[in-house]
Every structure is written in C-alpha cells, then in structure tokens.
Amino acid sequence: MSTDSTARAWMEVSGAALLRNLERVRSAAGPEVALIPMVKANAYGLGVANALALLETREPHGYGVATVAEGVELRRLGVQRPVVVFSPVAPQALQVGVEAGLTFGVSSMEALQALQRLSGELEREVEIHIEVDTGMGRAGFPVSFAPELGAAVAASGLRWKGVFTHFHSAEDDSPSSVQEQVARFDEALGHLALPADPDFLVHLCNSAAAVRYPELARHAVRPGILLYGGLEGAEPVVSVRARISHVRTVEAGTSAGYGATYRSREAERWGTVSIGYGDGIRRSLAHGGHALVRGRRVPILGRISMDMTVVDISDVAQAGWGDVVTFLGSDGDESISLHEMAAQAGTISYELLTGFTPRLPRIWQSEER
Ligand SMILES: *Cc1c(COP(=O)(O)O)cnc(C)c1O
C-alpha cells in the first residue's frame with residue numbers, strides 16, 4: 001500500500017494495471033483492430049492527463065470522449081490523434097469542436113447539415129462517424145433511414161471516417177440482444193455505400209463486447225470501464241483510502257451519525273475517518289458497508305457524513321489515530337472490489353468511479369507495486 005503522507009483522503013491509480021487491462025483488450029480483439037480508448041468524464045474519474053500520458057505509449061488509433069469540452073481538453077493536452085465526440089452535441093457547441101479539429105459522431109440530418117455549413121464557413125475539414133441506433137434509443141440514425149443516408153453523407157462534403165453502433169446489454173449472460181443489434185447494424189450497413197477509404201472504421205464494441213465477442217470487433221473497439229478496472233474480471237486499478245482522524249471508546253448506548261441510526265450495544269472503539277459523501281463515498285454504503293483497517297474488515301457505523309465516516313475498530317486493537325482506512329482496494333489479504341462496493345451501494349462501477357469528487361487527490365503509480 002502506498003500512501004500520501006499528508007492527505008486526509010486520496011485515490012490511488014495503478015498505471016501498470018491500466019496498461020495491462022488495455023493489452024488484454026488488444027489481445028482479445030487482435031493486433032489488426034484499432035483501439036479507441038474512451039477517456040470521457042476525466043477518464044472515468046481517474047484523471048485524464050495521467051491516463052493519456054500512459055495510453056499514448058501504446059499508440060492507439062485515437063480517443064473517445066462524450067463532450068466537446070472534453071475533446072478540447074485533449075487537444076490542449078497535446079493529443080494529435082483523432083478525438084471522437086461520441087455523444088450527440090447541441091448546436092451551440094459545434095463550432096468550438098470544429099475549430100479544435102474534433103471528429104463528431106453524427107445521429108441526425110440536422111447535425112449533418114449544421115456541420116456541413118460550419119465546415120464551409122470556417123473552411124475546415126470536418127471528420128464524422130455515423131451512429132446507427134440498433135436499440136439504445138438515445139442516439140443514432142434509425143436503421144430504416146439507412147437507404148437515404150449514404151447519399152446524404154457523400155453529398156455533405158464532410159470526411160466520413162466511420163460508422164458505429166452501441167450495445168445496450170453486452171455484459172448480460174445471454175448473447176441474444178447482442179446478436180439482434182448486430183443483425184440490425186448489418187442491415188443498415190447493407191444499405192450504406194461505405195467509402196473506399198482504407199482507414200474507414202466500422203465498430204460496435206464497448207469493453208464487455210470487446211472481450212466477450214472478439215469476433216464482432218470489425219475494424220475498431222471502444223473500451224472504457226475495463227481499462228479502469230470496473231468490469232468484472234479486469235485487474236483492479238483504483239484504491240480509495242483515508243486516515244483515522246479521531247479515536248474514542250464509547251459506552252453501550254452511544255449513538256453515531258445524523259439521525260442517530262446506530263447505537264452501540266456494548267463498549268466499543270470507534271474510529272472517525274476523514275472521508276464522506278463530499279469525496280464520493282456513497283451514503284448508501286452505510287448499514288452493511290465495510291472498510292479495511294490493518295488488513296481487517298470493519299463495519300461502517302451509522303450514516304456517512306459529508307466529510308467523515310465512523311467505523312467500528314473494536315476488533316483491531318492496534319488501530320489508532322492516523323491509520324489508513326481502505327474503502328476500495330486491497331489492504332493485506334483483504335480487499336473491497338468495485339463490484340462489491342457497487343452492489344452494496346446499489347449502483348454500478350461506472351457511477352462510483354465518476355462520482356469520486358475533485359477533493360480526492362489522484363495519486364498515479366506507474367511502477368509496479
Ligand atoms: C462510454 C462508451 C463506450 C465505453 O463503454 P464501456 O462500457 O465503458 O467500455 C463505448 N462507446 C460509446 C459510444 C460510449 O459512449
């Protein structure tokens with residue numbers, strides 16, 4: 001375990017584990033398949049600048065983001081590769097994206113025409129990928145629109161670099177929804193006269209699909225959560241730790257936290273830990289959630305506050321003021337996985353990772369632990 005000697009609470013990120021997760025995707029998809037790592041939402045909350053510095057060493061085809069501002073940030077950080085804004089964009093943001101040389105995922109004729117206009121006005125080449133909606137229902141042209149689409153894109157003068165769709169249930173046990181979406185996507189492709197560009201990319205796979213259905217990779221894959229350790233079976237990447245800032249021994253009947261929802265049944269030792277929901281520790285972890293102290297599992301007591309969380313350290317005699325408490329990750333032989341934390345909090349690994357707030361310094365470790 002490495003620690004920050006002064007911080008009250010922090011996040012540790014293993015760069016080595018992130019790169020091993022990327023290599024796992026590459027070996028599943030095969031060496032010919034282009035990698036488009038998704039670095040949206042500050043690289044799923046881990047810190048995009050550090051993530052890019054590592055990912056660049058593996059020379060991916062480009063990067064995926066969700067917003068124009070995220071794409072602009074990548075350019076500011078020096079990224080020269082294609083940066084694809086995969087979520088649809090409101091008209092107000094398009095010009096900034098065109099000026100930054102971003103590639104747009106396009107889901108409507110309105111967006112296509114607006115980009116065509118901007119490309120002319122600004123005298124800038126604009127690259128696009130066409131999205132086909134095969135079941136997500138949030139973005140993409142409907143499959144029925146495909147017969148008109150090829151000609152419209154060709155006539156737009158925009159540089160057509162790819163076509164893609166997105167799976168809604170790639171992590172499910174049953175492959176039937178994936179097969180159904182692939183069939184719809186292929187139906188759309190059948191109606192589109194794709195450009196003869198050798199760099200043109202047909203792509204479908206997020207993390208779960210890239211490792212579970214490598215035969216669907218086509219020209220590129222778009223892994224996100226797996227890189228950051230949030231897919232079951234991925235190597236853990238993130239740990240969240242904080243220090244005990246106060247210790248006390250309480251009598252039976254002492255209450256803890258807002259609402260006094262916990263009361264000690266006997267004399268207990270409590271540690272107040274300097275972390276709370278203001279750092280992204282979910283309130284829903286209370287009443288059943290655990291943390292790790294000196295390699296032991298200890299229960300969280302009462303409600304989680306904005307800045308503090310109380311744990312029961314009665315069974316860890318040596319635990320004391322200043323000790324490190326692990327809410328996510330390993331300590332000795334014990335560990336709390338993103339999967340466990342998400343199940344306990346009633347959410348998913350994606351929401352946990354992107355919910356850790358800027359209050360937690362992100363400490364990147366590129367060397368092996
Ligand atoms: C976020 C996103 C991905 C990555 O999904 P993961 O499940 O995190 O691998 C891929 N494609 C698109 C279009 C996305 O928005």
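**Exercise 1. The surroundings of His129**

Find which residues His129 touches beyond its sequence neighbours, then decide whether His129 is buried or exposed.

*Solution.* Start with the list of contacts. Setting aside residues up to four places away in sequence, His129 touches Val84, Thr103, Phe104, Gly105, Val106, Lys161, Gly162, Phe164, Leu201 and His203. Keep in mind as you work that this is a predicted model.

Next, place the residue: His129 lies in strand S6, which covers residues 127–133. Now turn to accessibility. The relative accessible area of His129 is 3%, and the cut-off for buried is under 20%, so His129 is buried.

Finally, look at the side chain. One of the contacts in the list, His203, also has a polar contact with His129, side chain to side chain, at 2.9 Å.

**Exercise 2. Around the ligand**

Work out which residues are closest to the ligand, and where its oxygen atoms have short distances to polar protein atoms.

*Solution.* Begin with the surroundings. The ligand is surrounded by 13 residues, and the closest are Lys40, Tyr44, Ser207, Ile225 and Tyr350.

Then go through the short distances one at a time:

- Lys40: an N or O atom of its side chain is 2.7 Å from a ligand oxygen.
- Ser207: here the distance from a side-chain N or O atom to a ligand oxygen is 2.5 Å.
- Gly224: a polar backbone atom is 2.9 Å from an oxygen atom of the ligand.

**Exercise 3. Two unusual backbone angles**

Inspect helix H2 and say what is notable about phi in Ala41 and Asn42.

*Solution.* First, the background: most residues other than glycine have a negative phi. Now check the two residues. Ala41, in helix H2 (residues 40–44), has a positive phi near 50°. Asn42 is also in helix H2, and its phi is positive too, about 60°, although Asn42 is not a glycine.

For accessibility, Ala41 has a value of 34% and so counts as partly exposed. Asn42, at 38%, is likewise partly exposed.

**Exercise 4. Lining the second largest pocket**

Describe the second largest pocket: how much space does it hold, and which elements supply its lining?

*Solution.* Take the volume to begin with: the second largest pocket holds about 220 Å³ of space. It is lined by 18 residues, of which Pro88, Val89, Ser107, Ser108 and Ala111 are the closest to its centre.

Now assign the lining to elements. Helix H5 (91–99), strand S5 (103–106) and helix H6 (109–122) each give at least two residues. H6 has the largest share, with 4 residues.

Last, sort by class. The lining of this pocket has 12 nonpolar, 4 polar and 2 charged residues.

**Exercise 5. Ser177 and Pro198**

For each of these two residues, decide: buried or exposed?

*Solution.* Take Ser177 to start. Ser177 sits in helix H8, residues 176–191. Its relative accessibility is 15%, so Ser177 counts as buried. Apart from neighbours within four places in sequence, Ser177 is in contact with His168 and Ser169.

Then move on to Pro198, found in the loop between H8 and strand S9 (201–205). With a relative accessible area of 79%, Pro198 passes the cut-off of over 50%, and therefore Pro198 is exposed.

As a last step, compare sequence with space. Between Pro198 and Lys161 there are 9.6 Å from C-alpha to C-alpha, while in sequence the two are 37 residues apart. Lys161 may ring a bell: it is one of the residues that His129 touches.

Methods
Residues numbered from 1 in each chain as written. Predicted model: local features only at pLDDT ≥ 70, side-chain atom pairs only at ≥ 80, totals over all residues. Heavy atoms only, no water. Buried < 20%, exposed > 50% of the residue type's maximum accessible area, 1.4 Å probe, protein only. Polar contact = N/O pair within 3.5 Å; in protein donor to acceptor, adjacent residues only side chain to side chain. Contact = heavy atoms within 4.5 Å. 1 Å grid on protein atoms, 1.4 Å probe; cavity = no way out; pocket = protein on both sides within 12 Å on 5 of 7 lines; lining within 4 Å. Points joined across faces, edges and corners; volume = space filled by probe spheres on them. Nonpolar A, V, L, I, M, F, W, Y, C, P; charged D, E, K, R; others polar. Near = heavy atom within 4 Å.
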